[in-house]
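This report walks through one protein model for a reader who has not met it before. The sequence and the structure come first, and the description follows.

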Amino acid sequence: MLQLSFPQAMANADTVMASADLPAAPDEVIAALVTKDVERWWGSPETYRMSGWNADLRVGGAWSVVVETANGQRLPASGEFIEIEMPRRIVTRRYDWDHPALRRKETTVAYLFEPIGGGTRLTICHGGFAGFPDAAAEHAEGWTRVLGWLQGYLEA
């Protein structure tokens with residue numbers, strides 16, 4: 001049985017790295033990240049929830065979602081898939097909304113899936129924060145929270 005550790009994340013001047021061991025096979029983890037399952041686990045009533053998830057999982061394909069904040073704001077976010085190497089790696093890019101600490105700066109998120117005994121190690125490399133150290137730190141905290149939600153969802 002996989003011994004789960006707490007998700008961890010760190011940021012430097014340009015990149016956020018986050019990682020968690022998840023109790024599911026890579027294909028289940030991928031499905032949780034790129035299908036409407038996102039709406040079931042990504043978020044909490046105290047922070048934000050995801051709705052209206054849509055994704056065309058192919059290189060050049062688009063993804064979109066509405067981030068619904070705890071105070072009732074609806075923030076559309078979208079981007080595209082720029083690399084897909086199933087079942088090892090998926091890379092996306094973009095924020096299409098005015099993030100408070102990042103504005104409209106384009107970033108890239110790489111999801112790396114590594115099979116481990118009893119599950120998958122998911123590593124996230126989120127780059128493009130040069131000149132935005134506060135945004136990098138905020139995203140490191142955010143990815144820790146998101147990986148915790150994903151871990152809980154896959155355990156259930």
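## Strand pairing and overall fold

V67 has L75 in β5 as its bridge partner. Here and below, helices (H or I, at least four residues) and strands (E, at least two) are DSSP runs, numbered from the N terminus. Two strands pair if DSSP finds at least two bridges between them.

The model is predicted: local features need pLDDT of at least 70, side-chain atom pairs count only at pLDDT 80 or more, and totals for chains, interfaces and linings use all residues. Residues are numbered from 1 along each chain as its sequence is written, and side-chain values use heavy atoms, with hydrogens and water left out.

The pLDDT (the predictor's confidence in each residue, from 0 to 100) has a mean of 93 for the protein, and 95% of the residues reach 70 or more. Among the elements, α1 has the highest mean pLDDT, 98, while β1 has the lowest, 92.

The protein contains 3 helices and 8 strands. Along the sequence they follow the pattern β-β-α-α-β-β-β-β-β-β-α. The radius of gyration is 15 Å, close to the 15 Å that the globule rule gives for 156 residues, so the protein is as compact as a globular protein of that length. That radius is taken over C-alpha atoms, and the globule rule is 2.2 Å times the number of residues to the power 0.38. Along the principal axes, the C-alpha atoms fill a box of roughly 40 × 35 × 30 Å.

Buried residues make up 45% of the 156 residues; buried means under 20% relative accessible area, exposed over 50%, and partly exposed in between (1.4 Å probe, protein chains only). Of the contacts (heavy atoms within 4.5 Å) with a separation of 6 or more, 46% join residues 24 or more positions apart.

## The sheet

The 8 strands form an open sheet with antiparallel pairing, in the order β1-β2-β8-β7-β6-β5-β4-β3. Its edge strands, β1 (8-11) and β3 (48-55), each pair on one side only. Neighbouring strands are turned by 20 degrees against each other on average, direction ignored. Such angles run from 0 to 180 degrees between N-to-C directions, with axes as lines fitted to C-alpha atoms, for helices over the stretch in contact.

Four of the antiparallel pairs are set out below.

| Pair | Bridges | A bridge or opposite pair |
|---|---|---|
| β1 and β2 | 4 bridges | A11 and V16 |
| β2 and β8 | 8 bridges | A20 and L122 |
| β3 and β4 | 6 bridges | S51 and V66 |
| β4 and β5 | 7 bridges | V67 and L75 |

Some of these pairs are hairpins. β1 and β2 form one with 3 residues between them, and Q8 is bridged to S19 of β2. The hairpin of β3 and β4 has 6 residues between its strands, and G60 in the turn has a positive phi of about 90 degrees. Between β4 and β5 there are 4 residues, where G72 takes a positive phi near 95 degrees.

In β2, 6 of the 8 residues are buried, so this strand is largely enclosed by the rest of the structure.

## Two residues in the sheet

T123 lies in strand β8. At 18% relative accessibility, T123 counts as buried. Leaving aside neighbours within four places in sequence, T123 is in contact with M17, A18, S19, A110, Y111 and L112.

I116 belongs to strand β7. With 19% relative accessibility, I116 also counts as buried. From I116 to A31 there are 85 residues in sequence and 18 Å in space, C-alpha to C-alpha.

## Helices across the sheet

Helix α1 (residues 26-34) lies across β2, β3, β5 (74-85), β6 (89-93), β7 (108-116) and β8 (119-127), and runs at about 155 degrees to β7.

Helix α3 (residues 133-155) lies across β1, β2, β3, β7 and β8, at about 15 degrees to β2. From its first C-alpha to its last, α3 reaches 33 Å with 23 residues, close to the 33 Å expected at 1.5 Å a residue. The expected span is 1.5 Å times one less than the number of residues in the helix. Its buried residues include A135, H139, W143, V146, W149, L150 and L154. An α-helix has 3.6 residues a turn, so residues three or four places apart point the same way.
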